[in-house]
Amino acid sequence: MNNLISIISPVIDQMEDSHIKSQLSAYFPLQKEQFSTIENAFRALTSGKQDSDTLRSFFKSWSQTNNSAVTVAGLSNRMTMIIHKDQPVGSEHDLFKSVASLNRIVDEDLAVVGHVLHSKLFYTMATSISGDDSWLSNKYLNTEAINFKAWKDKNSLRNKDIMIGLLTTLVHEIYTHGEVEFIIPLFENWLKAETDFSDSEIKKSLAWISVHCGPTEKNHFFHAVDAVNSFSKAFDINIKDYDLQQIITDYLDLKSKVMATLNAQIAEESLV
């Protein structure tokens with residue numbers, strides 16, 4: 001049976017041998033407990049019919065862990081600000097190559113290609129499944145989701161070392177590839193079993209997930225790798241000076257706490 005690590009690991013294996021590959025290969029498999037917590041939350045959600053407030057809470061808090069186009073764009077903004085402020089750069093060419101790679105991560109999200117904002121696709125999914133768009137209210141946002149987004153934004157937008165933001169983006173993209181591939185069959189079977197949606201309505205409702213499946217997030221991950229490598233060249237950074245263990249551990253610890261809270265809410269509602 002597919003699980004998150006079984007989807008993520010083969011993509012890491014496709015990388016050229018490097019310090020980053022070694023770090024990802026070493027530290028992702030150590031997060032079995034966190035992966036299991038996340039997987040159990042998605043399985044619980046899709047195991048039967050859910051209360052409307054449970055659905056609203058799920059989509060609101062989950063959205064804070066995956067809709068990150070603005071954060072990636074902000075990281076790119078920080079990189080071009082280096083030029084704007086005439087700060088020293090070893091190779092402007094490599095800096096702009098890094099920016100170009102980073103921007104390829106958000107082409108689809110920002111409707112540069114695909115013609116539909118991915119935030120709109122998520123809105124359609126959450127609204128059609130939960131019944132209305134009241135899920136947008138912050139009253140459905142759990143503290144753990146706030147903490148996750150605050151940590152991720154701090155790494156990408158406020159840490160003085162831009163490389164930390166690039167490595168955080170890299171970790172996010174490979175994780176997200178695993179998540180969308182893991183959940184698409186769960187969501188499809190769930191909507192078929194628990195709703196009266198037609199096949200076309202199910203397809204429309206799950207477009208946010210399906211457009212990220214296949215090569216999309218995988219390509220985003222490799223764009224993130226390219227962004228890291230080009231940025232390293234631009235400033236003559238030795239990437240071996242960076243240990244990804246803390247980023248990977250923090251990312252999955254915070255993400256799993258979000259999902260554990262949502263899982264607990266699903267379990268509580270099932271007892272009512």
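Thr54 sits in helix 4, in what is a predicted model. Is Thr54 buried or exposed? At 1% relative accessibility, Thr54 counts as buried, since the cut-off for that label is anything under 20%. Leaving out residues up to four places away in sequence, Thr54 touches Gln265, Ile266 and Glu269. A little charged network also turns up here: Asp53, Arg56 and Asp132 are linked by salt bridges.

Helix 4, residues 52-66, also carries Phe59, and this brings in the aromatic side chains. Searching the whole structure turns up 21 aromatic pairs. One of them joins Phe59 to Phe122, with 6.3 Å from centre to centre and 80° between the planes, an edge-to-face arrangement. Phe122 belongs to helix 7 (residues 118-130), so the pair ties together parts of the chain that are 63 residues apart in sequence. Both of these phenylalanines, Phe59 and Phe122, are buried. They also belong to one aromatic cluster, whose members include Phe42, Phe58, Trp62, Tyr123 and Trp135. Phe187, Trp190 and Trp208 are part of that cluster too.

Phe42 leads on to helix 3, where it is listed among the buried residues. Helix 3 runs over residues 32-45, 14 residues in total, and spans 20 Å from its first C-alpha to its last, close to the 20 Å expected at 1.5 Å a residue. Besides Phe42, the buried set in helix 3 is made up of Gln34, Phe35, Ile38, Glu39, Ala41, Ala44 and Leu45. What does Glu39 pair with? Glu39 forms a salt bridge with Arg43, and the closest N and O atoms are 4.0 Å apart. The two residues are four apart in helix 3, so about one helical turn separates Glu39 from Arg43. Their surroundings are described by separate values: Glu39 has a relative accessible area of 8% and is therefore buried, while Arg43, at 26%, counts as partly exposed.

Arg43 also shows up in the contacts of Leu186, a residue of helix 9. Not counting neighbours within four places in sequence, Leu186 is in contact with Phe42, Arg43 and Thr46. Leu186 and Leu45 are 141 residues apart in sequence, yet their C-alpha atoms are 9.1 Å apart in space. With 22% relative accessibility, Leu186 counts as partly exposed because buried means under 20%.

Back to charges: the search of the whole structure gives eight salt bridges. Among them, Arg104 and Asp107 meet through their side chains at 2.7 Å, N to O. Arg104 has a relative accessible area of 34% and so is partly exposed, whereas Asp107, at 13%, is buried. Lys149 and Asp153 form another bridge, also 2.7 Å from N to O. Lys149 and Asp153 both lie in helix 8 (residues 143-158), where they are four residues apart, about one turn of the helix. Lys149 comes out at 27% relative accessibility and so counts as partly exposed, while Asp153 has 11% and is buried.

Turning to the surface, Leu110, Val112, Val113 and Leu117 make a nonpolar patch of about 330 Å². Val113 is in the loop between helix 6 and helix 7. Its relative accessible area of 39% makes Val113 partly exposed.

Last comes helix 12, which covers residues 215-234. Helix 12 has 20 residues, and the distance from its first C-alpha to its last is 28 Å, close to the 28 Å expected at 1.5 Å a residue. Which residues of helix 12 are buried? The list consists of Thr216, Glu217, His220, Phe221, Ala224, Val225, Ala227, Val228, Ser230, Phe231, Ser232 and Ala234. The cover over these buried residues includes helix 1 (4-13), helix 2 (19-27), helix 5 (69-84), helix 6 (92-103) and helix 9 (162-194). Just after helix 12, Asp236 adopts a positive phi of about 55°.

How values were computed: Residues are numbered from 1 along each chain as its sequence is written. This is a predicted model: local features need pLDDT of at least 70, side-chain atom pairs count only at pLDDT 80 or more; totals for chains, interfaces and linings use all residues. Side-chain values use heavy atoms; hydrogens and water are left out. The expected span of a helix is 1.5 Å times one less than its number of residues. Buried means under 20% relative accessible area, exposed over 50%, partly exposed in between (1.4 Å probe, protein chains only). Rings of Phe, Tyr and Trp (its six-membered ring) pair if their centres lie within 6.5 Å; planes under 30 degrees apart count as stacked, over 60 as edge-to-face and the rest as tilted. Contact means heavy atoms within 4.5 Å. Patches are made of residues with over 30% relative accessible area and no salt bridge: like charges are joined within 9 Å, nonpolar side chains (Val, Leu, Ile, Met, Phe, Trp, Tyr) within 5 Å. Accessible areas come from the Shrake-Rupley method with a 1.4 Å probe; for residues, only the protein chains shown count as cover.
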